[in-house]
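Trainee: I should like to go through this structure with you, one question at a time. Please reason each answer through to the name or value requested.

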Amino acid sequence: MATVYRKAVTRPLPPGAELFTRKGERLARWRDRKGERRTGAVVEGRDGSLRVRVEAATYVAKYRDGAGVVREVSTGCRTKDAAQAVLRGLIERAEKVRAGVVTATDDAVRDWLTTPAAESLAEYVDHLRSRGRSTKHVADCQRLAGRVVAECNLRSLRDLAAGPVERWLSARTAEGMAPRTRNSYLQAVRGFCRWCVAEGRLPDDPTRRIGKLDEAADRRRNRRSMTPDELRRLLYVARWRPLAERGRLTVASDPGERTGKRDTWRKEPLTPESLADAVDRARGRLADQPELIADLERLGRSRALIYKALVLTGLRRSELASLTVASVDLDAATPMLLLSAAKAKNRQAAEIPLRADLADDLRAWNAEKRAAALDAGVLSIATGQPSGLPSDSPLFDVPPQLLKVLDADLAAAGIAKRDDRGRTLDVHALRHSFGSLLSAGGVAPRTAQAALRHSSIDLTMNVYTDPRVLDVAGALNALPTLPLDATPDNRDRQRATGTADAWPVDRGGQSFVAPTVAPNPGKQSKLGASADKSPESPDRAGREETPRKQAFPRGRVRVAEGSRTPDLRNHNPTL
């Protein structure tokens, strides 16, 4: 059954070929690139053109594999002896599969190892698209993994090993690549390798031993949260800056900053104090263009409402931009936004409740858009939606370059882009502000995690909570009073009343007790009460005191002799 042979193939008729007939068969005679005379039968192609039938230059091996299926495999050999050697290797592999020495899966992997890595990567990208991944995610995976495959010179899947990838990542890190970016490249390649393993193209993931770098140790972009005062200034500036830009004054430029002879003046920067005057001047300059004034005011309201929605919902910029009129339910008992699974980052649909003032702003915004559409003749009849707008129309016109708009608004509001800690403000920092303000408002961590739609509480509390926004100074009032003039008489009086070693804190006539064990972030801790070991306790009465060395294991809290451990069962400390 096993054999090697050359397949007959058809090729275009060579230029200058001589046609003739022999024994009723139409033939062609020509010289190849080496100058050798060739002869072949002439046939007609599907498009009617003349072609010649010749034997392929390489041999094909035909054999029965380990599963009993007849296969034809190109050997790539031009000589019969070499092709037969390849055939013997294929037969040996089939015998091992039939004998159970090698599994059929491992045997199939050997065939995939010789395929080009670029072709498998293209199929992996198509797989991501078929899974419904976002366009940005697919493009990032293709760009990141494609760069590694190209610059590591990974021609086939056999070349895909940990060594070349790790050396490439180390070289990029030495050039100054941030740990987060480096981990993104590793994650893209690892996703490609795991897909190859699942498809039976690789025996295992060669990148599994390559570890990720600690992004927190060298974070290049540290975002900070905005304070309520900064947010109010930002909304005020965003609301009026589009119109105020038309009323800015011109002042003489600094001679040291001039770049040309005609660069003698510049526009005066906007500030929160000069914003109102600039708006008045703009109204005067554009008095004969009321439509333009209305458009600029509408643009300002749109920007301010976008910022407010980002801060009060915790949505990401792309998620907010994906919302349509049908995504808003303002008539429910609790108004909410409906985020589809396809547009959410975690691919899970979510119902995001709206605060009452934000819901009122959205109603007014939809009414204003509907009135503007009616005036422009774009909308002529009701669409069945409560807002009267088409259900598929965007809720907000979020500009693609929202970061540039935010930077200009921050500068006009007098808010520093980067603070003294090196932390910056960008569009995603509004989501950080949402998480920090929830914690500052006393919201339970688990509730804040649900509002931010995080899978880990550590991400909510450690990344999306800015300590500077929290009232740490006010929290110090929960600590016990420690007077320096305390006397032993006070101590004896407290012991007699059973309040010794308790931590009373007077807050308006109420006494609060602090836990004896403070939870350690990142570690599990238990909060419990130790048994009373004082000499006066009933269970120690009549026992002989035996002096012995007391050991205090790690993680335990030593209770002073004669003290009373407070009862914490009914205590709920404020977080």
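Mentor: Let us begin with a definition: a residue is buried when its relative accessible area is under 20%, exposed when it is over 50%, and partly exposed in between. Please also keep in mind that this is a predicted model.

Trainee: Is Arg 453 buried or exposed?

Mentor: Arg 453 lies in the loop between α14 (445-452) and α15 (457-463). Its phi is near 60 degrees, a positive value in a residue other than glycine. The relative accessibility of Arg 453 is 16%, and the cut-off is 20%, so Arg 453 counts as buried.

Trainee: Which class of accessibility does Asn 153 fall into?

Mentor: Asn 153 belongs to the loop between α4 (135-151) and α5. Asn 153 has a positive phi, near 55 degrees, although the residue is not glycine. Its relative accessible area is 42%, which lies between the cut-offs of 20% and 50%, so Asn 153 is partly exposed.

Trainee: Ala 162 is in helix α5 (residues 162-174). Which residues does Ala 162 touch, leaving aside those up to four places away in sequence?

Mentor: With 8% relative accessibility, Ala 162 counts as buried. The C-alpha atoms of Ala 162 and Arg 209 are 7.6 Å apart, while 47 residues separate the two in sequence. Beyond four places in sequence, the residues touched by Ala 162 are Pro 206, Arg 209 and Ile 210.

Trainee: How are helices α7 and α9 oriented to each other?

Mentor: Helix α7 covers residues 228-244 and helix α9 covers residues 290-313; their axes are 6 Å apart and make an angle of about 155 degrees. The crossing of the two helices is right-handed. An angle over 145 degrees falls in the class concerned, and therefore α7 and α9 are roughly antiparallel.

Trainee: Which residues make that contact, and how do they divide by class?

Mentor: On the α7 side, the contact includes Leu 231, Leu 234, Trp 240 and Leu 243. On the α9 side, Ile 293, Leu 296, Tyr 307 and Val 311 are among them. Arg 239 and Arg 241 of α7 also take part, as do Glu 297 and Lys 308 of α9. By class, the contact of α7 with α9 has 13 nonpolar, one polar and six charged residues.

Trainee: How do α9 and α13 lie with respect to each other?

Mentor: Helix α13 comprises residues 429-440, and its axis is 7 Å from that of α9, at an angle of about 45 degrees. The crossing of α9 and α13 is right-handed. An angle of about 45 degrees is neither under 35 nor within 65 to 115 nor over 145, and therefore α9 and α13 are oblique to each other.

Trainee: How many charged residues does the contact of α9 with α13 have?

Mentor: From α9, the contact takes in Tyr 307, Leu 310, Val 311, Leu 312 and Thr 313. These meet Leu 430, Phe 434 and Leu 437 in α13. The contact has seven nonpolar residues and one polar residue, and the number of charged residues is none.

Trainee: Which strands stand at the edges of the five-stranded sheet?

Mentor: The sheet is open, with antiparallel pairing and the order β2-β6-β5-β4-β3. Neighbouring strands in this sheet are turned by 40 degrees against each other on average, direction ignored. A strand with a single partner has one side left without a neighbour in the sheet, so the edge strands are β2 (8-12) and β3 (18-22).

Trainee: Within that sheet, which residue of β5 stands opposite Leu 27?

Mentor: Strand β4 (residues 25-31) pairs with strand β5 (residues 37-44) over five bridges, in the antiparallel sense. Opposite Leu 27 in β5 stands Ala 41.

Trainee: Which residue takes a positive phi in the hairpin of β7 and β8?

Mentor: β7 is joined to strand β8 (residues 70-74) by five bridges in the antiparallel sense, and Lys 62 stands opposite Glu 72 in β8. The hairpin has five residues between its strands, and the one with a positive phi, near 85 degrees, is Gly 68.

Trainee: Which residue of β13 is the bridge partner of Leu 339?

Mentor: An open sheet of three strands has the order β11-β12-β13, and β11 (328-329) and β13 (350-353) are its edge strands. Strand β12 (residues 336-339) runs antiparallel to β13, with four bridges joining the two. The partner of Leu 339 in β13 is Ala 350.

Note on methods: Residues numbered from 1 in each chain as written. Predicted model: local features only at pLDDT ≥ 70, side-chain atom pairs only at ≥ 80, totals over all residues. Heavy atoms only, no water. Axes fitted to C-alpha atoms, helices over the stretch in contact; angles between N-to-C directions. Left-handed = near helix turned anticlockwise from the far one by under 90°. Contact = heavy atoms within 4.5 Å. Nonpolar A, V, L, I, M, F, W, Y, C, P; charged D, E, K, R; others polar. Pairing = 2+ DSSP bridges. Buried < 20%, exposed > 50% of the residue type's maximum accessible area, 1.4 Å probe, protein only.
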